[in-house]
Amino acid sequence: MYLTRLAALVVLLPIAAPAQSRPRVHIVATGGTIASTNYYSGQAGKIGVDALLKAVPQLDSIAIISAQQFANIASSAMTPANWLVLSRTISDTLRARSDLAGVVVTHGTDTMEETAYFLDLTIKDPRPVVVTGAMRPADGIGIDGPANLYNAVRVAGTHAARDRGTMLVLNDEILAARDATKSNAVRPNAFSAPYRGDLGLAEPETIVFHRAPGRRAVFDISALRDLPRVDIAYSYAGSDGAEVDAFVAAGAKGIVVAATGRGSIPPLQRQAVQRAMAKGVIVVVGTRTGSGTVPVGEGVRGSPPIPATIGTGDLNPQKARVLLMLALTKTTDRRELAKIFQANQ
Ligand code: ASP
């Protein structure tokens, strides 16, 4: 009896591991539902990083945490200018702190996949950058934020997570930033990686990796002040390309077409695409289907075909936009751009 009670005590009291055996993890908070208190009022930015950490006292037993408040916004308010600063902030922190095992970014889930892919394509350090968030607000019922943050810190502190680029950790799943997409607007299992599957799992006792991430070519953004404008044109029955003309007029250097099926573009929209290409705008064709590929690289696509467009492979349109923005800072040559898309499959 006495022994049973003692055993229960041992289980119930979390004993913090000695400092030297706990990895150091830095948290960069940017806002989102994980830092909000109400589903429908969109009140991101209610909860600061200190309160986020206080809600997960278990973190203390698995890592030595430092933290900073980068922003406190809904992720729909994230901009490419924010990406540049965030990426540099993380790279500078990793450079300055050789003691860190990794970095966790808390972020709204709506555009998480875009920010995460930008970080993946721009941070060279082998240490993991793990992006997490929540589908339920901090004052909700059955909330996912604390578990997601806890698992994100576990992954960021794990040696096996090195050299895997930027990852998303939500719902106990580890997804490559390149592959992850928000595929459900409401459920806590909102993210998936169509066909490629997860990289691994945050199991209760251990972090498991099943596979290596896909290929990526990292861009140097140290000298960049801004990113070229790239827009996404959605295809649908009867689309007439008015948005393509408007994007060109607004100064777009590139356009990603979220085309129907395997890259077909409705006739009037296709004419607008050809007008844009004649003005030197780079056109990349992806699919609006949510999964599957448009043949990657430069080629002829659509029916009837448009020559000299670039296919995204299985990058979804919003990811292809991120890659094209970065690629256009290096070259405007279509063949070179096509090679960059091939190198990131
Ligand atoms: N509105 C939130 C956002 O900032 C949604 C979320 O975080 O889940 O993206």
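Against which strands and which helix do the buried residues of helix 6 pack? The buried residues of helix 6 pack against strand 11 (230–234), strand 12 (254–259) and helix 7 (267–278). Helices (H or I, at least four residues) and strands (E, at least two) are DSSP runs, numbered from the N terminus.

The model is predicted: local features need pLDDT of at least 70, side-chain atom pairs count only at pLDDT 80 or more, and totals for chains, interfaces and linings use all residues. Residues are numbered from 1 along each chain as its sequence is written, and side-chain values use heavy atoms, with hydrogens and water left out.

**Confidence**

The pLDDT is the predictor's confidence in each residue, from 0 to 100. The protein chain averages 92, and 90% of the residues score at least 70. Over residues 1–15, however, the pLDDT is below 50, and this stretch has 1 contact (heavy atoms within 4.5 Å) beyond near neighbours in sequence. Where pLDDT is low, the predicted coordinates should not be read in detail.

**Two helices**

Buried means under 20% relative accessible area, exposed over 50%, and partly exposed in between (1.4 Å probe, protein chains only). In helix 6 (residues 242–249), the residues Glu243, Val244, Phe247 and Val248 are buried. Seen down the helix axis, they fall within an arc of 140 degrees, so they line one face of helix 6. The arc is that of the directions from the helix axis to the C-beta atoms. Just after helix 6, Gly251 has a positive phi of about 105 degrees.

In helix 9 (residues 334–343), Leu337, Ala338, Ile340 and Phe341 are the buried residues. Their arc is within 155 degrees, so they too line one face of their helix. The N-terminal end of helix 9 is capped by Asp333.

**Thr30 and the ligand**

Thr30 belongs to strand 1 (residues 24–31) and counts as buried because its relative accessibility is 1%. Beyond four places in sequence, its contacts include Phe70, Met78 and Leu86.

The residues around the ligand (a heavy atom within 4 Å) include Gly32, Ala74 and Ala134. The table gives polar contacts, which are pairs of N or O atoms within 3.5 Å; within protein, one must be able to donate a hydrogen and the other to accept it, and residues adjacent in sequence count only if both atoms are side-chain atoms.

| Residue atom | Partner | Distance |
|---|---|---|
| Ser75, polar side-chain atom | ligand oxygen | 2.6 Å |
| Thr109, polar side-chain atom | ligand oxygen | 2.5 Å |
| Asp110, backbone N or O | ligand oxygen | 3.0 Å |
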